[in-house]
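Welcome, and thanks for taking a look at this one with me. Please have the structure open as you read, and follow along point by point.

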Amino acid sequence: MPQAYMEETGREGVGPEPVGSGARHFLSQWKSPGIWRRGVVVAVFAVLLGLLMLLHADLPNRVGNLGSLTETFLPWLGLLVPVLLVLAVLRRSATALIALLLPVVAWANLFGGLLSDKSGKGGNFTVATHNVNAENPDPAATARAVAASGADVVALEELTSPERYERALADTYKYHSVQGTVGVWSKYPLTDAKPVDIQMGWTRALRATVQTPQGPVAVYVAHLPSVRVKFNAGFTAGQRDNSAAALGRAIAREPVRKVVLLGDLNGTMNDRSLAPVTSQLRSAQGAAGDGFGFSWPASFPMARIDQIMVRGMDPVSAWTLPATPSDHLPVAARVKV
């Protein structure tokens, strides 16, 4: 047989690699002193991510409301942790792995409590709120879907044709009040319904007293101004922030001890600019929800900007309702009055 076709044998280094040698080589890399020198860049990014989570309240809002923008989507920063983890493993860097503990602990401290189901049983007062979308193609179906939650009180925002919702809810809710583009429907008597000035030039908030069997509850319905993320202006939320301050002042003056706030606040509980409101009230989702309860956008919820908050009452459970033709998901909660 010609030499060119003869199989070569016995040469050093030729032949299949011993089974397990690749794994031994990988493990040997973790035993070398280089594990502390490799992956410094990954470690730096991990530390910066952890500091961003821990010190988010110190981010300035002077430039494009950067602080509020970060706080709106703060939970999603956790998605960077597995990315950095993969990079740390590929670099075989012990330094990067240790640095990753900082963002992991920071995220768990901020949001770990939201991962468990805190909902309980009981309660005697159910409320729901929904931004129905001004361009909603089927108001009647939307109204019926929210009423199907069994809520004693329903708040709707962005009403452009309230009469269509009034007709759809008439059989379930005997009492209601519409002020501007927001409305409240109740199974219990409503008194003292009036608009609340949140400094917008038109009415997008109201206040009413619901006479529940357990006593009066002051109900606020609010739709704060929208915010925008612009390339040249950042997170434009000045009008929203001013309205939040005005709403906070109204709630602070409220004489009724038991208060519930329902509405689209165009901000999350982490957003410092909503502090005039959130500092006075307790989030039903945070206290008694299951998960993050994201409500917007309905097609792929990324933030909970539709809020139910209470004072003088204990939240028992909170949840999101099935999607409607709106771009928001309805949210509901049950509390003990």
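The points below walk through two sheets, a helix and a surface patch.

1. A word before we start: this is a predicted model. Please keep that in mind as you go through the points that follow.

2. Let's begin with the sheet that has strand order E3-E4-E2-E1-E14-E13. It is an open sheet of 6 strands, and its pairing is mixed. At its edges you will find strand E3 (175–179) and strand E13, each of which pairs on one side only. From one strand to the next, the twist averages 15°.

3. Now zoom in on strand E14, residues 331–336. Strand E1 (residues 125–131) pairs with E14 in the antiparallel sense, over 5 bridges. For a residue to look at, try Thr-129, whose bridge partner in E14 is Val-331.

4. Strand E13 (residues 314–320) also runs antiparallel to E14, and 6 bridges join the two. Two pairs help to trace this pairing: Pro-315 has Val-335 of E14 as its bridge partner, and Thr-320 stands opposite Val-331 in E14. You have met Val-331 already, as the bridge partner of Thr-129.

5. On to the other sheet, where 6 strands follow the order E5-E6-E7-E10-E12-E11. This sheet is open too, with mixed pairing. Strand E5 (190–195) and strand E11 (282–283) are the edge strands, pairing on one side only.

6. Within that sheet, have a look at strand E6 (residues 205–212) beside strand E7 (residues 215–223). They are antiparallel partners, with 8 bridges between them. Arg-207 makes a handy marker here, with Tyr-220 in E7 as its bridge partner.

7. Which strands does helix H9 lie across? This helix, residues 238–252, lies across E7, strand E10 (259–264) and strand E12 (306–311). Relative to E7, H9 runs at about 175°. Angles here are taken between N-to-C directions on a scale from 0 to 180 degrees, so a value of about 175° means that H9 and E7 point in nearly opposite directions.

8. Finally, turn to the surface. A nonpolar patch of about 790 Å² is found there, and its members include Val-40, Val-44, Phe-45, Leu-48 and Leu-55. Val-40 belongs to helix H2, which covers residues 40–54. Is Val-40 buried, exposed or partly exposed? Its relative accessible area is 46%, which lies between the 20% and 50% cut-offs, so Val-40 counts as partly exposed.

Technical notes
Residues are numbered from 1 along each chain as its sequence is written. This is a predicted model: local features need pLDDT of at least 70, side-chain atom pairs count only at pLDDT 80 or more; totals for chains, interfaces and linings use all residues. Side-chain values use heavy atoms; hydrogens and water are left out. Two strands pair if DSSP finds at least two bridges between them. Helices (H or I, at least four residues) and strands (E, at least two) are DSSP runs, numbered from the N terminus. Contact means heavy atoms within 4.5 Å. Patches are made of residues with over 30% relative accessible area and no salt bridge: like charges are joined within 9 Å, nonpolar side chains (Val, Leu, Ile, Met, Phe, Trp, Tyr) within 5 Å. Accessible areas come from the Shrake-Rupley method with a 1.4 Å probe; for residues, only the protein chains shown count as cover. A salt bridge is a side-chain nitrogen of Lys or Arg within 4 Å of a carboxyl oxygen of Asp or Glu. Buried means under 20% relative accessible area, exposed over 50%, partly exposed in between (1.4 Å probe, protein chains only).
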